Structures are given as structure tokens and as C-alpha cells.
Amino acid sequence: MQLTNKTALITGAASGIGNEIATEFAREGAKVCIADLSLAAGEAAAAKITQAGGTAMAVAMNVTDEAQVEAGFAKMVKAWGGVDVLVSNAGIQIISSLVELKFADWKRLLAVHVDGAFLTTRAAMRAMIAAKRGGSIIYMGSVHSHEASPLKAPYVTAKHGLLGLAKVVAKEGAAAGIRSNVICPGFVRTPLVEKQIPEQAKELHISEADVVRNVMLKETVDGEFTTTQDVAGLAVFLAAFPTNALTGQSIVVSHGWYMQ
Ligand code: NAD
């Protein structure tokens with residue numbers, strides 16, 4: 001058990017990668033707070049963890065809404081006395097060429113990924129500093145924190161931006177023992193990716209099988225998707241890492257699609 005006595009808030013944890021991280025953190029002994037748009041979906045995810053013997057709670061949190069972020073963290077701190085780990089994971093995808101992209105869609109994507117990361121980071125850092133026991137902040141970046149792809153201008157911009165935020169948090173948080181790192185996965189078959197396979201096929205005028213083979217997995221070393229378990233294992237490692245030696249970094253988990 002690598003996370004005994006730790007408390008973790010994970011955004012977007014009702015689905016996909018965030019859900020796997022919450023499940024794995026609980027298996028490693030952490031108390032996990034599922035923060036997602038729908039309270040019902042968060043409570044269902046928390047109930048699954050509780051049924052398996054873990055400790056979980058849920059809060060309704062739109063990460064772009066300052067009041068909801070503050071209220072969600074306050075609820076968790078009241079229940080469990082602090083926040084040891086934040087996983088800023090909530091995200092959306094919008095597939096569009098730059099010239100056709102609506103300004104509203106650009107702003108909507110950046111709000112979830114960048115404003116959401118800022119608001120949850122600020123709340124987590126305040127709680128961590130007050131509790132005086134340090135902490136770990138983990139951002140869900142992407143290979144798109146390092147590489148570009150067509151049709152994903154706001155996503156690539158946002159994911160690159162998280163690298164900068166993580167580096168500032170590493171510097172400002174160090175004195176309080178707060179570490180900050182970015183996980184950069186390749187393609188993982190979650191609802192976010194399932195939705196974009198037909199969208200990319202339409203935009204690129206190719207079949208869905210070709211989107212998988214020639215767009216998503218073409219540059220990997222073995223033609224394999226990264227899994228939610230791969231990402232969750234790395235998140236446990238970063239959450240449990242005991243010192244500031246590993247901070248301000250990004251770690252790519254992508255079957256070799258991108259090599260740093
Ligand atoms: P997903 O769609 O399965 O889950 C995303 C979750 O975020 C959902 O539960 C959704 O309700 C929640 N969410 C969306 N907007 C929100 C908001 N404003 N406030 C709170 N919650 C919100 O997607 P996923 O694939 O698990 O993606 C999780 C993260 O991983 C995202 O940041 C994504 O960019 C990143 N990522 C995914 C992949 C991939 O291939 N799936 C690869 C690299 C990075």
C-alpha cells in the first residue's frame with residue numbers, strides 16, 4: 001500500500017483515466033474524492049470504490065467555476081482534514097481545423113484544461129500549505145503537451161500550457177514540500193477518444209480503422225493503445241514519490257509515440 005493515510009482529489013474521475021486513477025489510489029490505501037460535473041455520476045463511482053473496500057466521496061465540481069471548485073475542496077477538507085494529492089485530469093476534446101474553429105469552442109476548451117488546472121491548483125496549494133504536510137500535484141497532460149496534431153489547436157495549446165504551470169508550481173511549492181509533475185499519455189480508449197474516431201474520419205475523409213491505425217497509433221513502437229491502467233500506475237508512482245527530487249517534470253507514457 002503506497003498511499004496509506006493520503007487523501008486525493010481527482011477531477012473528471014467519474015469516467016476514463018480519472019476513474020481508473022481513483023480506483024487505483026483507493027487500492028493503494030488513499031481516501032479519494034471524485035470531483036466531476038455530475039454529482040450522481042461521481043457518487044456512483046465513489047460507491048463502486050467503497051463496495052470494493054476503499055474510502056471515497058464525491059463532490060459536484062465544474063472545474064471552470066471558481067465557487068464550485070472552492071466549495072468542493074472545502075467539503076473534502078472538512079471531511080478528511082486536508083488534501084495530499086491533486087490530480088487535475090478533467091478534460092474535453094474538440095476536433096476542428098483552425099480556420100473553422102469557433103472562438104467559443106477555443107475558449108470552452110481552454111477554460112476546462114487551463115482555467116480548471118489553475119483553480120484546482122490554487123485551492124489544493126492553499127489546503128496543502130495550511131496542513132503543513134506537503135503534497136503532490138499531478139496534471140493530465142498528453143503527448144500533445146510536446147507534439148502537435150492537426151485539428152486540435154486548442155487542445156495542443158492547453159496541454160503545452162500545463163507544462164508551464166507545473167514548472168511554476170514546482171518552484172513556488174517547493175518550500176512547502178509541494179511537488180508537481182505532468183503525465184503525458186498517448187491515445188487511451190476512453191469515451192473522449194471513442195468520440196473523436198468518427199469525427200477525425202469525417203474531417204480527414206478516411207475510415208475509422210485508418211484513424212486508429214494511421215493517425216492514433218502510427219508512431220507508436222508496437223501499434224498499441226496506452227491503457228488507463230498504464231496511466232494510473234504512473235499516477236500512483238508520482239503521488240507516492242516522497243521528495244522534491246522529482247518535480248517540475250513531464251513523463252510520457254505512449255508506447256514510444258513520443259520520445260523525449
Ligand atoms: P473522459 O471523457 O473519459 O473523462 C473526462 C471526464 O472529465 C468526464 O468524467 C467529464 O465529465 C469530466 N469533465 C469534463 N469537463 C469537466 C469540467 N468542466 N469539470 C469537471 N469535470 C469535467 O476522458 P479521458 O480520456 O479519461 O480524459 C481524461 C484526461 O486525460 C483529459 O485531460 C484528457 O485530455 C487526458 N488525455 C486523454 C487521452 C486519451 O487518449 N484518452 C490521452 C492523453 C490525455
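These legends go with a set of close-up views of one predicted model. Local features need pLDDT of at least 70 and side-chain atom pairs count only at pLDDT 80 or more, while totals for chains, interfaces and linings use all residues. Residues are numbered from 1 along each chain as its sequence is written, and side-chain values use heavy atoms, with hydrogens and water left out.

**View 1. The two domains and where they meet.** The domain assignment gives domain 1 (7-186 + 227-253) and domain 2 (189-225); such bounds come from an automatic or database assignment. Their centres, taken over C-alpha atoms, sit 25 Å apart. Domain 1 puts 13 residues into the contact and domain 2 puts in 10, where contact means heavy atoms within 4.5 Å. About 820 Å² is buried between the two, and carbon and sulfur atoms give 62% of that. Buried area here is the accessible area (1.4 Å probe) that two parts lose on being put together, summed over both. On the domain 1 side, look for Q93, I95 and L151: they lose the most area to domain 2, together 50% of what that side buries. Don't hunt for salt bridges between the domains, as the count is zero.

**View 2. Helix α7 and its buried face.** Helix α7 covers residues 208-216, and V211, V212 and M216 are buried in it. Helices are DSSP runs (H or I, at least four residues) and strands are E runs of at least two, numbered from the N terminus; buried means under 20% relative accessible area, exposed over 50%, and partly exposed in between (1.4 Å probe, protein chains only). Looking down the axis of α7, the buried residues fall within an arc of 95 degrees, so they line one face of the helix. That arc is taken from the directions from the helix axis to the C-beta atoms. The buried residues of α7 pack against α6 (191-204). Zoom in on M216 and, beyond its neighbours within four places in sequence, you'll find contacts including V193, I197 and F225.

**View 3. The nonpolar cores.** M216 turns up again in the largest nonpolar core, a set of 43 residues in which L9, M61, F73, I137, Y139 and M216 touch the most other members. Helix α4 (residues 103-131) supplies the largest share, eight residues. Both domain 1 and domain 2 chip in, with at least three residues from each. A second, separate core has 32 residues, among them I17, A26, V32 and A239. A core here is a set of buried Ala, Val, Leu, Ile, Met, Phe, Trp, Tyr and Cys residues joined through side-chain atoms within 4.5 Å.

**View 4. Salt bridges along the helices.** With a salt bridge taken as a side-chain nitrogen of Lys or Arg within 4 Å of a carboxyl oxygen of Asp or Glu, the count comes to eight. In helix α1 (residues 16-27), R27 and E24 lie three residues apart, about one turn, and their side chains meet at 2.5 Å, N to O. R27 is exposed, at 51% relative accessible area. In α6, E199 pairs with K195 at 3.0 Å; E199 is partly exposed at 27%. R213 and D210 pair at 2.8 Å, and they are three residues apart in α7, separated by about one helical turn. Elsewhere, shared partners join E66, E70 and R122 into one network.

**View 5. Around S254.** S254 is in the segment after β7 (249-253). At 4% relative accessibility, S254 counts as buried. Leaving aside neighbours within four places in sequence, S254 is in contact with V143, P185, G186, T220 and T226.
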